[in-house]
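This report walks through one protein chain for a reader who has not met it before. Please look over the sequence and the structure before reading on.

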Amino acid sequence: MNTFTPADFDFTFLEEGFCARDIVEQTINELSMSDDKDAFYVADLGDVVKKHLRWARAMPRVTPFYAVKCNDSRAVVMTLATLGAGFDCASKTEIQLVQSLGVDPSRIIYANPCKQVSQIKYASTHGVRMMTFDSEVELMKVARCHDNAKLVLRIATDDSKAVCRLSVKFGATLKASRLLLERAKELGLDIIGVSFHVGSGCTDPETYSQAISDARCVFDMGAELGYNMTLLDIGGGFPGSDDAKLKFEEITAVINPALDKYFPADSGVQVIAEPGRYYVASAYTLAVNIIAKKVVMKEQSASDGKQEERNWCTAPHGLPLSSLANPAQLCTPGA
């Protein structure tokens with residue numbers, strides 16, 4: 001495994017009593033005296049490590065495969081690789097990044113149900129075998145381009161209570177799952193498990209329980225067709241900050257009993273997940289320079305002549321982050 005070098009990243013080791021916020025404020029003070037007032041961010045890798053330890057305590061049976069698409073910083077990827085995490089890659093570029101840091105291909109899942117043929121071939125030649133699918137078209141592509149693929153069937157979930165719904169474009173229904181398993185059998189493909197994703201920013205923990213139950217049904221379908229499935233991927237949707245509507249431990253309190261019920265520890269099934277923002281949302285702080293302000297007249301009655309100033313920073317999925325009162329105020333992205 002490669003290790004950090006000073007040339008790779010701009011590192012600062014903080015003394016006891018200091019935090020990343022102190023670095024941000026110090027940098028703002030330095031930049032305020034110069035002409036360089038570009039936006040910058042500070043990453044607290046210690047926070048990433050703490051999140052990993054928190055995960056291990058809360059879900060000891062579930063191995064995290066970090067969703068590289070969320071934040072592909074080499075510092076983050078290298079930190080998690082050193083901690084023993086796996087990686088959810090959605091493209092050739094992400095696979096290249098992870099493998100350039102010395103990660104074994106067995107710790108990578110190509111979790112994209114709609115892959116380019118050229119990138120399936122790349123995965124094949126570079127030893128990446130685990131990959132997801134949810135359609136017959138994808139099965140045909142894999143059958144032509146990857147002799148040793150270990151396929152994971154992605155099923156649809158009820159993600160109606162998620163901020164960003166993914167099952168509108170990814171995932172097979174239970175009815176379609178049986179047909180896909182039968183087709184995979186005809187093609188001589190190896191199906192090793194089931195995956196799902198309850199949507200980014202999940203707000204209902206019971207969604208995980210239902211999805212795990214549905215996955216059990218697909219495992220049973222596979223057994224009827226002669227498949228010995230050994231992998232369950234419970235996807236992402238885990239909150240990355242403690243001010244989220246749904247707390248991380250509230251989710252794990254639902255997941256753990258569901259796993260014990262449908263996939264007990266002695267079942268021989270490996271359980272993984274694909275956390276993304278869980279690891280990096282609270283670790284990153286973005287500082288921006290407000291370059292303009294605009295006074296907007298508020299809707300008012302004839303007797304109300306007041307004006308209101310309002311400036312908003314908007315996060316992914318259109319969620320307002322904070323009202324910015326001055327150019328030095330910080331904005332922390334959802335990641």
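In which strand is Thr132 found? Thr132 belongs to strand S5, which covers residues 130-133. The model discussed here is predicted.

**Thr132 and its surroundings**

With a relative accessible area of 1%, Thr132 is buried; the cut-off for that word is under 20%. Setting aside residues up to four places away in sequence, Thr132 touches Ile109, Tyr110, Ala111, Asn112, Pro113, Lys115, Glu138, Val152 and Ser195.

**Overall make-up**

The protein has 335 residues, and 46% of them are buried. Its secondary structure consists of ten helices and 17 strands. Among contacts with a separation of 6 or more, 65% are between residues 24 or more positions apart.

**Nonpolar cores**

In soluble globular proteins, nonpolar side chains tend to be buried together. Here the largest nonpolar core holds 73 residues, and Phe87, Leu232, Ile234 and Phe238 have the most contacts inside it. Helix H8, residues 206-224, supplies the largest share of this core, with seven residues. Leu232 also gives a view of its surroundings: beyond its neighbours within four places in sequence, Leu232 is in contact with Val194, Phe196, Ala215, Phe219, Leu259, Phe263, Val269, Gln270, Val271 and Ile272. A second core, separate from the largest one, has eight residues, including Ile109, Met130, Val152 and Leu231. Two of these names have come up before, since Ile109 and Val152 are among the residues that Thr132 touches.

**Leu259 in helix H9**

One of the contacts of Leu232 is Leu259, a residue of helix H9. Is Leu259 buried or exposed? Its relative accessible area is 1%, so Leu259 counts as buried, given that buried means under 20%. Apart from neighbours within four places in sequence, Leu259 is in contact with Arg61, Val62, Ile212, Leu232, Pro264 and Val271. Leu259 and Ser213 are 46 residues apart in sequence, and their C-alpha atoms are 8.8 Å apart in space.

**Helices H2 and H9**

Helix H9, residues 248-262, packs with helix H2, residues 45-58, at an angle of about 35 degrees, and their axes are 10 Å apart. The crossing of H2 past H9 is right-handed. On the H2 side, the residues that meet H9 are Arg54, Trp55 and Ala58; on the H9 side, they are Phe248, Glu249, Thr252 and Asn256. By type, the residues of this contact comprise three nonpolar, two polar and two charged. Arg54 and Glu249 also belong to a network of salt bridges that includes Asp242.

**Salt bridges**

Side chains of opposite charge can pair when their charged atoms come close. The count for this protein comes to twelve salt bridges. Three of the pairs are set out below.

| Pair | Closest N to O distance |
|---|---|
| Arg21 and Glu25 | 3.2 Å |
| Asp260 and Arg61 | 3.4 Å |
| Lys69 and Asp88 | 3.2 Å |

How many residues apart are Arg21 and Glu25 in helix H1? They are four residues apart in H1, residues 20-31, so about one helical turn separates them. Arg21 is partly exposed, with a relative accessible area of 44%, and Glu25 is partly exposed at 37%.

The salt bridge of Asp260 with Arg61 has a distance of 3.4 Å between the closest N and O atoms. This pair links distant parts of the chain, 199 residues apart: Asp260 is in helix H9, while Arg61 is in the loop between H2 and strand S2, residues 62-67. Asp260 is partly exposed at 48% relative accessible area, and Arg61 is partly exposed at 26%. Arg61 is also one of the residues in contact with Leu259.

The salt bridge of Lys69 with Asp88 has its closest N and O atoms 3.2 Å apart. Lys69 lies in the loop between S2 and helix H3 (74-82) and Asp88 lies in strand S3 (residues 86-89), so this pair ties together parts that are 19 residues apart in sequence. Lys69 is partly exposed, with 48% relative accessibility, whereas Asp88 is buried, with a relative accessible area of 1%.

Technical notes. Residues numbered from 1 in each chain as written. Predicted model: local features only at pLDDT ≥ 70, side-chain atom pairs only at ≥ 80, totals over all residues. Heavy atoms only, no water. Axes fitted to C-alpha atoms, helices over the stretch in contact; angles between N-to-C directions. Helix = DSSP H or I, 4+ residues; strand = E, 2+ residues; numbered from the N terminus. Left-handed = near helix turned anticlockwise from the far one by under 90°. Contact = heavy atoms within 4.5 Å. Nonpolar A, V, L, I, M, F, W, Y, C, P; charged D, E, K, R; others polar. Salt bridge = Lys/Arg side-chain N within 4 Å of Asp/Glu carboxyl O. Buried < 20%, exposed > 50% of the residue type's maximum accessible area, 1.4 Å probe, protein only. Core = buried A, V, L, I, M, F, W, Y, C linked by side-chain atoms within 4.5 Å.
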